[in-house]
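Hi everyone, thanks for making time. I'd like to walk you through a structure, so have a look at it while I talk.

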Amino acid sequence: MRKKRPYHHGNLRQALIDAALELIEERGLPALTLREVARRVGVTHAAPQRHFADRAALVAAVAEQGFRGLGAHMEAVRASAPARVPSQRLRALGVAYVEYALAHPEHLRVMFSPEVADKSRHPQLAAAAQEVHETLLKQIVEGQRQGAVAPGDPDELSFAAWSMVHGCAILLIDGQASRRSPAASIDAAVDRLHLGLAPRAPACKRRR
């Protein structure tokens, strides 16, 4: 649990987001209220409304911060992966996604909560989520150009890839992969992902 610090001055918006995440980590998303967040930060009940019109806006801000963090982590991993080897970069992105999820489980739940499913209501959140998607999409397109990824609609392939790593992350967070260590589960998921995205060899023609 993070050490709580009373708010004195500075960035009130960020202080409210931090307090909201602390509350979510302790009690879950349903327990989040603007009143309780204000109390934790040490400001009046009306103060959060300077930055967040309602609870939904605060939830969206917490989700946006999560996507920003995920995007930064994925981009750092992508940049450090071996150059000119698309398959290795794709694998690294899959591992990075699950690693971030395991390090920030409650944040991940907020990011994909039904409360923020309609991201059109929150443009900044939508932009942050799109940036994460673009990181994966660009890598798939690059892999296709180099013949390392199967041909097809990049959006469909990226959705399939995301579904696999996200599913792996949720299973690990919920303790549903008890027979495997987290590292083994991640390796199995991203290796299967690599096989699924790899181009298929042409079928051999039968001799007459």
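I'll go from the overall layout to the cores, then to a few helices and side chains.

First thing to keep in mind: this is a predicted model. The protein chain has 8 helices and 0 strands. Read from the N terminus, the order is α-α-α-α-α-α-α-α, which is at least simple to write on the board. There are 208 residues in the chain, and 40% of them are buried. Now take the contacts between residues at least 6 apart in sequence: 65% of those join residues at least 24 apart.

Let's go inside. In soluble globular proteins, nonpolar side chains tend to be buried together. Here the largest nonpolar core has 48 residues, and Leu 32, Val 37 and Leu 58 are the ones with the most contacts inside it. Which helices supply this core? H1, H2, H3, H4, H5, H6 and H7 each put in at least two residues. The biggest giver is H3, with 10 residues.

Zoom in on Leu 32. Setting aside residues up to four places away in sequence, Leu 32 touches Ala 20, Leu 23, Ile 24, Val 37, Arg 55, Leu 58 and Val 59. There's also another core, apart from the big one, with 6 residues, including Leu 90, Leu 136, Val 149 and Ala 161.

Next, helix H2, residues 34–41. Is H2 enclosed or open to the outside? Of its 8 residues, 6 are buried, so H2 is largely enclosed by the rest of the structure. The buried ones are Leu 34, Glu 36, Val 37, Ala 38, Arg 40 and Val 41. Notice that Glu 36 and Arg 40 are on that list too. And what covers them? H1 and H3 are part of the cover over the buried residues of H2.

Stay with Val 41 for a second, which sits in H2. Val 41 has a relative accessibility of 4%, and the cut-off for buried is under 20%, so Val 41 counts as buried. Between Val 41 and Leu 12 there are 8.6 Å, C-alpha to C-alpha, although the two are 29 residues apart in sequence. After H2 comes Gly 42, with a positive phi near 90 degrees.

Now H3 and H4. H3 covers residues 55–80 and H4 covers 86–103, and they pack at about 145 degrees with their axes 9 Å apart. The crossing of H3 past H4 is right-handed. Who makes the contact? On the H3 side you have Gln 65, Gly 66, Gly 69, Leu 70, His 73, Met 74, Val 77 and Arg 78, while H4 brings Arg 89, Ala 92, Leu 93, Ala 96, Tyr 97, Glu 99 and Tyr 100. Sorted by class, that contact has 8 nonpolar, 4 polar and 3 charged residues.

On to the rings. How many aromatic pairs are there in the whole structure? A search finds 3, and I'll show you two of them. In one, the ring centres of Phe 67 and Phe 112 are 5.4 Å apart and the planes are at 70 degrees; over 60 counts as edge-to-face, so that's what this pair is. Phe 67 is in helix H3, and Phe 112 is in the loop between H5 and H6, so the pair ties together parts that are 45 residues apart in sequence. As for exposure, Phe 67 is at 4% relative accessibility, so it counts as buried, whereas Phe 112, at 28%, counts as partly exposed.

Another pair is Phe 159 with Trp 162, also edge-to-face, with 5.6 Å between centres and 70 degrees between planes. Both lie in helix H7, 3 residues apart, about one turn of the helix. An α-helix has 3.6 residues a turn, so residues three or four places apart point the same way. Trp 162 is partly exposed, at 31%. Put together, Phe 67, Phe 112, Phe 159 and Trp 162 form one aromatic cluster.

Last stop: Ile 140, in helix H6. Ile 140 is buried, with a relative accessible area of 0%. Not counting neighbours within four places in sequence, Ile 140 contacts Leu 90, Val 149, Pro 154, Leu 157 and Ser 158. Two of those names, Leu 90 and Val 149, came up earlier in the 6-residue core. And from Ile 140 to Pro 151, 11 residues apart along the chain, the C-alpha separation is 9.6 Å.

That's my tour, thanks for listening.

Methods: Residues are numbered from 1 along each chain as its sequence is written. This is a predicted model: local features need pLDDT of at least 70, side-chain atom pairs count only at pLDDT 80 or more; totals for chains, interfaces and linings use all residues. Side-chain values use heavy atoms; hydrogens and water are left out. Axes are lines fitted to C-alpha atoms, for helices over the stretch in contact, and angles run from 0 to 180 degrees between N-to-C directions. Helices (H or I, at least four residues) and strands (E, at least two) are DSSP runs, numbered from the N terminus. A crossing is left-handed if the near helix is turned anticlockwise from the far one by less than a right angle, and right-handed if clockwise. Contact means heavy atoms within 4.5 Å. Ala, Val, Leu, Ile, Met, Phe, Trp, Tyr, Cys and Pro count as nonpolar, Asp, Glu, Lys and Arg as charged, and the others, Gly among them, as polar. Rings of Phe, Tyr and Trp (its six-membered ring) pair if their centres lie within 6.5 Å; planes under 30 degrees apart count as stacked, over 60 as edge-to-face and the rest as tilted. Buried means under 20% relative accessible area, exposed over 50%, partly exposed in between (1.4 Å probe, protein chains only). A nonpolar core is a set of buried Ala, Val, Leu, Ile, Met, Phe, Trp, Tyr and Cys residues joined through side-chain atoms within 4.5 Å.
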